[in-house]
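Student: I have a model open and would like to learn how to read its features. Could you walk me through them?

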Amino acid sequence: MPIDAFTLRPKEQATSEYLVYRAQQDCMRRFGFRYLPHLTEGYIAEAAATQREYASRRYGVSDRAIAAKFGYHLSDASTGSRAPQAVNSLSEAERTALSGRTKSGGEAESVRGEPVPEGGCAGEAVRTVQGETAVAARKGETLVARLRRELFVRSRSDPRVTAVNKKWAECMRERGFTYRDPAAAVDDPRWDLQNTAPTREERAVARTDVDCKLRTNVLGVNFAVESELQNAAVAEHADELNSLRVQRDAESRRLPGLLRRYVHRRTD
């Protein structure tokens with residue numbers, strides 16, 4: 001999508017997230033805390049796979065192989081190998097060191113006699129990876145997230161999208177499935193997407209869904225309409241987005257050196 005030119009690529013974003021966690025580990029170790037003990041470099045591949053799969057589902061499931069095996073469920077590659085460490089499993093002192101805030105919400109000065117950095121270990125880690133422009137980058141990221149959300153919603157009511165959705169619905173109806181649009185197929189209450197495994201019927205609907213998307217060009221039309229809206233928004237917010245791109249390019253250049261610094265370091 002046009003606005004993706006101003007953000008990190010999936011592997012870079014996953015690498016940045018991994019390095020932030022590594023930097024948090026280093027910081028927490030100064031206070032004597034063992035934090036995220038199971039974090040490995042494998043996080044990068046898993047997080048990148050998750051990002052790519054979510055992106056591939058922007059207009060509903062679009063990969064026939066995934067649809068045939070998982071229906072509307074996420075694939076195994078995008079679910080990760082281990083549950084994240086819950087914040088509420090940390091002690092009060094650990095939460096203070098990580099966030100830089102006391103239980104009452106004030107700024108923490110020290111933990112176990114060690115000075116707490118601004119924003120805690122979380123803040124220090126972000127500055128380590130993103131540089132001193134981290135605050136400005138967050139503003140740019142907020143803009144990108146807002147534009148992605150708002151323009152996607154606006155594209156849903158574009159006449160070209162509603163017209164191609166009708167063609168998709170006709171294609172589905174010819175094959176025995178009745179849904180008003182691709183989103184309704186995903187939201188079918190018969191699919192328990194959070195808990196149970198996909199049923200045979202769910203997989204059959206998802207396969208047909210993808211086939212009808214390809215037959216009617218749902219993906220192409222949706223992409224064209226949303227790209228048109230994004231291009232207009234990019235022109236309108238050129239200064240802010242170009243500033244974000246400069247910050248992200250600088251972050252991207254730092255990643256290889258940070259990887260060499262952290263990747264083989266012990267975590268306990």
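Tutor: Gladly; we will go from the overall fold to single residues.

Student: Before that, what should I know about the model and the numbering?

Tutor: This is a predicted model, in which local features need pLDDT of at least 70 and side-chain atom pairs count only at pLDDT 80 or more, while totals for chains, interfaces and linings use all residues. Residues are numbered from 1 along each chain as its sequence is written, and side-chain values use heavy atoms, leaving out hydrogens and water.

Student: Which secondary structure elements does the chain have, and in what pattern?

Tutor: Helices (H or I, at least four residues) and strands (E, at least two) are DSSP runs, numbered from the N terminus. Here they come to 11 helices and two strands, in the order α-α-α-α-β-β-α-α-α-α-α-α-α along the sequence. The C-alpha trace spans about 70 × 45 × 40 Å along its principal axes.

Student: How do I read burial, and how many of the residues are buried?

Tutor: Buried means under 20% relative accessible area, exposed means over 50%, and partly exposed lies in between, with a 1.4 Å probe and protein chains only. The areas come from the Shrake-Rupley method. Of the 268 residues in the chain, 41% are buried.

Student: Next, salt bridges. How many are there?

Tutor: A salt bridge is a side-chain nitrogen of Lys or Arg within 4 Å of a carboxyl oxygen of Asp or Glu. The structure holds 17 of them. One of these joins R160 and D158, at 2.9 Å from N to O. Its two ends sit in unlike surroundings: R160 is partly exposed at 39% relative accessible area, whereas D158 is buried at 15%.

Student: What about R180 and D181?

Tutor: Their side chains also meet in a salt bridge, with 3.6 Å between N and O. R180 counts as exposed because its relative accessibility is 65%, while D181, at 17%, is buried.

Student: Where do D209 and K213 lie, and are they buried or exposed?

Tutor: Both belong to helix α9 (residues 200-216), and their spacing of four residues is about one turn of the helix. D209 and K213 are both buried, and their salt bridge brings the closest N and O atoms to 2.6 Å. For a case with more partners, look at E141, R248 and E251, which are linked in a network of salt bridges.

Student: What should I make of E94, which has no salt bridge?

Tutor: For charges, Lys and Arg count as positive and Asp and Glu as negative; His and the chain ends are not counted. E94 lies in helix α4 (residues 92-99) and is buried, yet its nearest side chain of opposite charge, R112, is 6.8 Å away. Polar contacts are another thing to check: these are pairs of N or O atoms within 3.5 Å; within protein, one must be able to donate a hydrogen and the other to accept it, and residues adjacent in sequence count only if both atoms are side-chain atoms. For E94, a polar atom of the side chain lies 2.7 Å from the backbone nitrogen of S91.

Student: Which backbone atom lies 2.8 Å from the side chain of S227?

Tutor: The backbone oxygen of F223 lies at that distance from a polar side-chain atom of S227. S227 is in helix α10 (residues 218-236) and counts as buried because its relative accessibility is 10%.

Student: Which residues other than glycine have a positive phi?

Tutor: Two examples are L36, with phi near 50°, and R112, with phi of about 55°. L36 sits in the loop between α1 (10-30) and α2 (42-56), and is buried at 15% relative accessible area. R112 sits in the loop between β1 (110-111) and β2 (114-115), and is exposed at 60%.

Student: How far is L39 from Y18, in sequence and in space?

Tutor: They are 21 residues apart in sequence and 8.3 Å apart in space, C-alpha to C-alpha. L39 lies in the loop between α1 and α2 and is buried, at 12% relative accessibility.

Student: Last one: which residues form the negative surface patch?

Tutor: Patches are made of residues with over 30% relative accessible area and no salt bridge, joining like charges within 9 Å and nonpolar side chains (Val, Leu, Ile, Met, Phe, Trp, Tyr) within 5 Å. The place of a charge is taken as NZ of Lys, CZ of Arg, CG of Asp or CD of Glu. Here E107, E109, E118 and E132 form the negative patch. Among them, E132 is found in the loop between α5 (120-130) and α6 (134-156), exposed at 69% relative accessible area.

Terms used: Areas by Shrake-Rupley, 256 points an atom, 1.4 Å probe, with all protein chains shown as cover.
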